[in-house]
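Me: I would like a close look at one part of this protein, followed outward into the elements around it. Please take it slowly and keep to what the model itself shows.

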Amino acid sequence: MPRYALKIEYNGAPFAGWQKQAELPSVQRAIETALDRLEAGEHQIAAAGRTDAGVHALGQVAHCDTTREWTPFRLQEAVNFHLKPHPIALVDVAPVAPDWHARFSAQERHYMFRIVMRRPPVTHEAGLVWQVKRPLDIERMRAGAARLIGHHDFTTFRSTICQAKSPCKTLDEIRIEEFDGASGPEMRLYVRARSFLHNQVRSIVGTLEKVGVGAWDPEDVSRALEARDRAACGPVSPPHGLYLESVRYPEDPFAGISGE
C-alpha cells in the first residue's frame, strides 16, 4: 500500500485534541473520515505528536496508507475537499517509504506559544493567543528559561496523567521574542526538543509568565525543577496559545513538493 506524509494545519478550538476519542470530535477522526470518503474502507493515520484539546498546529505531520497511487496534489485536494467545514487543512502531501513513520522517524518537535499583552479583550485573535493584562519582563523570562535547557527530570512540569515511562527529557532550546503584533505587544516562546511530556510546554510557559510579571524570580524556576514535584509548578497556561509549529526529520519528506 502506498504511504504518504501529510503536513497538517488546524485550529484546535472545536476538537478534544488530536487523538481519536469515543463520542468526542478529534482532528485524527476528521482526517480519517475524509480518507474513508475518498477510498472505501477504514483508514488509520499516525501523527508526530498528540496535541491536547484546544491546541493548534501549523505543521503537524502524520502519515496514511492508501489503496492506490495518488499524485500528492490530487490527494491533498481531495482530502481537503472532504474535510470541509472543519478548520483543518493539508498544506503538503508527499510519498514516503513504506517504513517511514510520522512519529518514530521524527528527530525534533518545535512548539510555539503566543502571548498578547494588553488590557482590552482580544477580538480578532480570540482563541488564538493567551492574553495577559500586564507587561512581561522578557529578560527575566529568558533568565528563567535558561535554567530549563538541557537534560533534566521534568516531573514538576508534566501532567499527573502523563503516560511517559520517564520524566527525564532534553530541552534543546527555549527562545523568547517580543514584537508589536496585530493585537498589541506580543511575546512568542519557541520550544524545541526531540519529545515532550504531557503538558510540559504549557507548564513551562505558565511558570515563566510568573517570572515575567515579577511574582517569581528566575532562580525560583531552578528550585521548582529541582523539587521534582508537580505542586511546585506555576499555573498551566491555557491551550489556545500553543501551536505545534513543525517537526524535523533526517530528510524533509516535503522538500521539492510543489504544484500539480
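Is Y111 buried or exposed, and what is its relative accessible area?

Reply: The model is a predicted one, and in it Y111 is buried, because its relative accessible area of 10% falls under the 20% cut-off for that class. The residue lies in strand β5, which spans residues 108-117, and an unreviewed UniProt entry carries the annotation "binding site" at Y111. That label comes from the record, and such annotations may be inferred rather than shown by experiment.

Once neighbours within four places in sequence are set aside, the contacts of Y111 include T51 as well as L189, Y190 and V191. Y111 is also in contact with F196 and V201, and with the run L242, Y243, L244 and E245.

Just ahead of this strand is another residue worth following, A106, which sits in the loop between β4 (88-96) and β5. A106 is buried, since its relative accessible area is 2% and buried means under 20%. With neighbours within four places in sequence again left out, A106 is in contact with H101, R194, V247, R248 and Y249. For one of these partners, R194, the C-alpha atom is separated from that of A106 by 7.8 Å, although the two residues are 88 apart along the chain.

The record also helps to place the surroundings. UniProt, again in an unreviewed entry, gives the feature "domain: Pseudouridine synthase I TruA alpha/beta" at residues 9-104 and 145-250. Over residues 9-104 the chain is 25% helix and 24% strand, with its end C-alpha atoms 20 Å apart, while over residues 145-250 the chain is 24% helix and 33% strand, with end C-alpha atoms 27 Å apart.

V201, named above as a contact of Y111, leads on to helix α4, which covers residues 200-212. The axes of α4 and of helix α3 (residues 138-146) come within 8 Å and cross at roughly 135 degrees, and α3 and α4 are therefore oblique to each other. Their crossing is right-handed, and the contact is made by R140, M141, G144 and A145 on the α3 side and by L208, E209, V211 and G212 on the α4 side. Sorted by class, this contact of α3 with α4 has four nonpolar, two polar and two charged residues.

Both of these helices also belong to the cover of helix α5 (residues 218-227). The buried residues of α5 are P218, D220, V221, S222, A224 and L225, and what covers them includes α3, α4 and β7 (150-153). After α5 comes R228, whose phi is positive, near 50 degrees.

A second pair of helices can be described in the same terms. The axes of α1 (residues 27-38) and α2 (residues 72-83) come within 8 Å and cross at roughly 115 degrees, and α1 and α2 are therefore roughly perpendicular to each other. This crossing of α1 and α2 is right-handed. From α1 the contact takes in A30, I31, A34, L35, R37 and L38, and from α2 it takes in L75, A78, V79, H82 and L83. By class, the contact of α1 with α2 has nine nonpolar, one polar and one charged residues.

To return to the starting point, Y111 is a buried residue of strand β5, and the "binding site" label that it carries is taken from the unreviewed UniProt entry.

Key: Residues numbered from 1 in each chain as written. Predicted model: local features only at pLDDT ≥ 70, side-chain atom pairs only at ≥ 80, totals over all residues. Heavy atoms only, no water. Helix = DSSP H or I, 4+ residues; strand = E, 2+ residues; numbered from the N terminus. Buried < 20%, exposed > 50% of the residue type's maximum accessible area, 1.4 Å probe, protein only. Contact = heavy atoms within 4.5 Å. Axes fitted to C-alpha atoms, helices over the stretch in contact; angles between N-to-C directions. Parallel < 35°, antiparallel > 145°, perpendicular 65-115°, else oblique. Left-handed = near helix turned anticlockwise from the far one by under 90°. Nonpolar A, V, L, I, M, F, W, Y, C, P; charged D, E, K, R; others polar.
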